[in-house]
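Me: I've got a model open and I'd like to learn how to read its contacts, core and helix packing. Can you walk me through it?

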Amino acid sequence: MIKQIANQLLKWEAWLNQRRYFHALRDTLTLLFPFVLIGAFINIFNQAIFHKNGFLAQIYHLSSWFPGFKSLMTYTTMLSATVNGVIAVVAAFTAANFAARALKRDNLLAGLTAAVSFCLLNFNYAAFTKQGQGASSQFLEQNLGSQGIFLALLVGLITGWLFNHLTFKPHSHQLIETRRHLLNRAQENWLPMTVTLVVFSLLSYGISFVSKNGLNGLFYSAFRSPFVNPGSVFLNIVSVTLLSNFFWVIGIIGPIDFSGNSSVSTVQNLEYALQHGSAWGAPNPITLHTVFDSFANVGGPGMTLALIIAILWRSHNADFRTVAKASWLPSLFNFNQPLLVGLPIMFSPILAIPFLLAPMASLLITWGALKLSFMPPVVYPVERTMPGFLVGWLGTGGDWRALLVSLINLAVATAIYLPFILLENRSMEGGRTDEA
Amino acid sequence: MKRNWWRWCLGLIVLIGVCWPAYTWSKANIKSLKTAGRTRMAPVIMVPGSSASQNRFDDLITELGKETPQQHSVLKLTVQTNGKIKYSGNIGRNDNQPFIIVAFANNKDGKANIDQQAVWLNDAFKDLVKTYKFNHFRALGHSNGGLIWTLFLERYLKQSPKVHIDRLMTIAAPFNMESTSTTAKTSMFNELYEYRTGLPNGLTAYSIAGTENYTSDGTVPYNSVNFGKYIFQDEIKHFTEITVTGANTAHSDLPQNKQIVSLIRQYLLDENVPSKLRKQNQQQLKN
């Protein structure tokens, strides 16, 4: 029975990979991997080390003795804003490039058109209004980073599709470009270029009447609406987490990334704990923060640290091992984007299932431990970059039982990922025989 | 095998090198949190009028957010009829001037309801003070929200002796209810008048009236707003009445009226407004 399902899953994945545009999508993600990896390391420096609230900065009191802490803060913020800040534009370019290449169209022009189109969609119309003048940027910068990847991929694929269907003969590559050939390229591709630009510019202008933050903003407000107030009902927390992690799988990154320390229930918990000198009996033991942030987010959403452990332990897939070896350090500080695009987890049915299931198991275990009063809830402030398996321990003021629960969660999550890694081993061996 | 042994050793040393300082840091952090508390925060607490929900000020807040460089986080409370409080939204960690909106599940008009709503406001207020430990705040009330604030300041603020109000702004608050008379006093006014000595002496208050015509803003009579002077004058440090006329001065449009928004920015939020707005506001005062 399980074998059958496994085989079906493998077949489905293989079938999906043969779809032209799906293949282009996966290729895009893999090509983005080095950029995302560099971005993740920049994030470590920017958010965990050279940031007032960074985990390493706090525990080693870096800000007080590290020479040039402030300048490094500025420098790494600049790096993060640029490298991570325009990753979606790169994604749009790459997706169109691969999509057009599949049918041997002019992939370079397709890519450039897609990149421009994506920027079109993220124009800041507020810059025209009286108050916005001079105050803000011409573009909606926040949509050009990893937030925008889903839309960027979509724009890239649509552009690629338009190029595939609106040019009539395949593009001939020349090793050494001549001016005539370049001009020919323009002549052959003017139709899809114009159509793409017109379509997206009209779309962009139309959206501006509805949403101030562009199409992406519209997406996010729609996707975020279920997360506004999950309250303390466990079932709500579970469904919110499930939905959020599902969004990560399809490239909509972070509607609820880390709900953080600021919600009222968290502040109430903290006040209680400070007054009573202990986390026991806090008024809101079960919230998104005490259960999800603190225990189901080890290594980033989807308990991805467990995935790394599973891969390094049992995977025979050399690619997987390479990606895991490169990504374990960012994942310790809860940056898992390299894994999402490198393996990729995004748009991969085999990895998506444990990516969704593992946090569920953690939620359940944590909830049980809290309900049975095995451990106190997390009440003291914890930082986003705090290594996931330490959050429970430090957030309860050093309760060993919370650390134990974190470790159990990690072990269970690894056990959930493992069968899928073994399955992936099989598919790889199968794939090799196909190629031979 | 030997190499592996080294690796495990190194890993263990790194783990201890992280965990030990992390543990001491978290202990020290808890200690400093205990002693410090959060005293720099001075929220702006808004109370909507009758039949309005916690979302009443959304337009005002967007309007304020358009022009200010500083983003205010927004926390909304609705006090249920049994005194329980429902929260939504949150206050950003470094936000020293968040907006807090206190609404009531029973938001009906009438003196009995307003008296009860002032009690509920006190419940919400005490809960907020307990949670966020602020000792200064500013208040904004639209319509009956202004009456609820006044009652609260007169009778209940004393229950939180460590907390001081800096400024109060009421928008079209009918201190004499629906009465258009300049002499007849309603029971609501009598209550407000009776307890007026309880008002904090250091308070600075602004009462804004909107007028579509010479007598009212379509809902609240100008004369009723004008009764505020009998309550505040000579009881508090400063009391200013402002009348706004022109476009969008119907009662329910007032909170998002452009002129009132700029008055809020200058007088309630104490923002550094451009000199153009400052002049416009001053002209308002002369009228």
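Me: Let's start where the chains meet: how many residues does the contact take from chain A and from chain B?

Reply: Two residues count as in contact if their C-beta atoms, placed from the backbone, lie within 7 Å. Here chain A puts in 19 residues and chain B 21 residues. Keep in mind that this is a predicted model, where local features need pLDDT of at least 70, side-chain atom pairs count only at pLDDT 80 or more, and totals for chains, interfaces and linings use all residues. Residues are numbered from 1 along each chain as its sequence is written, and chains are lettered from A and ligands numbered from 1 in the order in which they are written.

Me: Which elements give two or more residues to the side of chain A that touches chain B?

Reply: Helices (H or I, at least four residues) and strands (E, at least two) are DSSP runs, numbered from the N terminus. On that side of chain A you'll find α3 (55–59), α12 (264–276) and α18 (388–395). The largest share, five residues, comes from α12(A).

Me: How does α12(A) cross α3 of chain B?

Reply: Two packed helices are described by the angle between their axes and the distance between the axes. Axes are lines fitted to C-alpha atoms, for helices over the stretch in contact, and angles run from 0 to 180 degrees between N-to-C directions. The axes of α12(A) and α3(B), residues 111–132, come within 8 Å and cross at roughly 65°. That makes α12(A) roughly perpendicular to α3(B); the label covers 65 to 115 degrees, with under 35 roughly parallel, over 145 roughly antiparallel and the rest oblique. Val264(A), Val267(A), Gln268(A) and Glu271(A) meet Lys130(B), Thr131(B) and Tyr132(B) there.

Me: And where does the largest nonpolar core lie?

Reply: A nonpolar core is a set of buried Ala, Val, Leu, Ile, Met, Phe, Trp, Tyr and Cys residues joined through C-beta atoms within 7 Å. Buried means 20 or more other C-beta atoms within 10 Å of a residue's own. The largest core has 187 residues, and Ala92(A), Ala95(A), Ala152(A) and Ala306(A) have the most contacts inside it. Helix α6(A), residues 87–102, gives the most, with 12 residues. Domain 1 (2–17 + 230–435) and domain 2 (20–221) of chain A both give residues, so this core lies between them. Those bounds come from an automatic or database domain assignment.

Me: What does Ala92(A) touch?

Reply: Skipping residues up to four places away in sequence, its partners include Ala114(A), Phe118(A) and Ala152(A).

Methods. A residue is buried if 20 or more other C-beta atoms lie within 10 Å of its own, exposed if 12 or fewer, and partly exposed in between; C-beta atoms are placed from the backbone.
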